[in-house]
Amino acid sequence: MNYQGKRWRTIWRNADDTIGVIDQRLLPHQFQTLALRTMEECAEAIRNMTVRGAPLIGATAAYGICLAIRDDSSEKSIHTALKTLMFTRPTAVNLLWALNQMLAAVSALPSEKRLERAWQRAAEICDEDVETNEAIGRHGQAIFREILAKKPDGSRLNVLTHCNAGWLACVDWGTALAPIFMAHDAGLPVHVWVDETRPRNQGASLTAWELKQHGVPHTVVVDNAGGHLMQHGLVDLVIVGTDRTTAQGDVCNKIGTYLKALAARDNGVPFYVALPSSTIDWTLRDGLAEIPIEERNAAEVTHLRGKTADGALVEIQVTPDGSPASNYGFDVTPARLVTALITEKGVCAASEPALKKLFGR
Ligand code: MRU
């Protein structure tokens, strides 16, 4: 992703062996980077959503293991780090995937060899994420072209997305946004409806910011607008990311995704889910029964953060004093509502046989 003429990834290793990240809590109003100096700081950055989005959570956890080994390469230290990082956020399975990758890379090595291999594997995880998302973008772009070809000449392709499954949620490109960036770059007339995505507004703050940086035409809408837009023929397809996909193709994504899938089905609008294979949890089948759903602090619902006219970043309360609030972070969209899954290996039906065939399992 280009930002102010410079090519950025969302996470990198600094020369002093700290980990550079973008503080996503300040976007879209301020672009600031910070250096994570310890495994505990990586864990806290995941917990407090300095970094967020399934693939980036995984990459941050991988670098957290590197920092733990840098400070103490014993087995005990690695296990403490695994336990700390594993419980930072419960829903995105990429976290467990990345930790398993790191463990597999270093566990059989003598302690003096672990650090070098850990740095290498964490960097590979990041590079693989970029390659994977590029592939998702190519497969997704082909679908966009097919849908656009069926529209009258000169029409724009209206895509609706929820939350942020873009560059900021990954190492680069994004999952659901990769086809959008690529289609736009290839000259396709793409316009994106961006769900604001309460309570943390990842759509309004992050997806809109990314699309603006890239020059992609977009419009931010309130979360409840999607059904109305679809009823009036203003959405050609929905595309979202996923934090955990089960073996039978159920997808768990930001709260509100399920309602978009229902509205899409009722209106004959195709509903696509873009995912790297690191998001597939092959141990689970029934997403509704088996995926742990994160419940976050109610203050994210009762309060809003934003910029005042004089440029100050402030937080305000929107609910009456004392009104209780609940904050489920994710919901599950059953496979039956998903038109197709777009993965790095290609496009397949959201079903166990199709997924197994595609991934040779
Ligand atoms: O709570 P977040 O901001 O980490 O949630 C992120 C999402 O739900 C994304 O859409 C998701 O990680 C999909 S993959 C890029």
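Domain bounds here come from an automatic or database domain assignment. On that basis, the protein chain splits into domain 1 (2-128) and domain 2 (137-359). Before going further, keep in mind that this is a predicted model: local features need pLDDT of at least 70, side-chain atom pairs count only at pLDDT 80 or more, and totals for chains, interfaces and linings use all residues. Residues are numbered from 1 along each chain as its sequence is written, and side-chain values use heavy atoms, with hydrogens and water left out.

So how do the two domains sit together? Their C-alpha centres lie 24 Å apart. Across the boundary, 34 residues of domain 1 are in contact (heavy atoms within 4.5 Å) with 34 residues of domain 2.

Now look inside. A nonpolar core is a set of buried Ala, Val, Leu, Ile, Met, Phe, Trp, Tyr and Cys residues joined through side-chain atoms within 4.5 Å; buried means under 20% relative accessible area, exposed over 50%, and partly exposed in between, using a 1.4 Å probe and protein chains only. The largest such core has 77 residues, and Ile11, Phe144, Ile180 and Ile239 touch the most other members. Helix α2 (residues 54-71) gives this core its largest share, 12 residues; helices are DSSP runs of H or I, at least four residues, strands are runs of E, at least two, and both are numbered from the N terminus. Domain 1 and domain 2 each supply at least three residues to this core. Take Ile239 as a place to zoom in: leaving aside residues up to four places away in sequence, Ile239 touches Phe144, Val159, Leu160, Thr161, His162, Ala176, Pro179, Ile180, Tyr272, Ala274 and Ile342. Apart from the largest core lies another, of 27 residues, with Ile280, Cys348, Ala350 and Leu355 among them.

Next, the ligand. There are 19 residues around it (a heavy atom within 4 Å), and Arg52, Ala54, Arg89, Gln202 and Lys254 come nearest. Arg52 has a polar side-chain atom 2.9 Å from a ligand oxygen atom, and Asp243 likewise places a polar side-chain atom 2.9 Å from an oxygen atom of the ligand. For Asn253, a side-chain N or O atom is 3.1 Å from a ligand oxygen. The protein covers 100% of the 410 Å² of accessible area that the ligand has on its own (Shrake-Rupley method, 1.4 Å probe).

Finally, visit Thr283, in the loop between β13 (280-281) and α10 (287-290). Thr283 counts as exposed because its relative accessibility is 65%. Its side chain makes a polar contact with the side chain of Asp281 at 2.5 Å; such a contact is a pair of N or O atoms within 3.5 Å, and within protein one must be able to donate a hydrogen and the other to accept it, while residues adjacent in sequence count only if both atoms are side-chain atoms.
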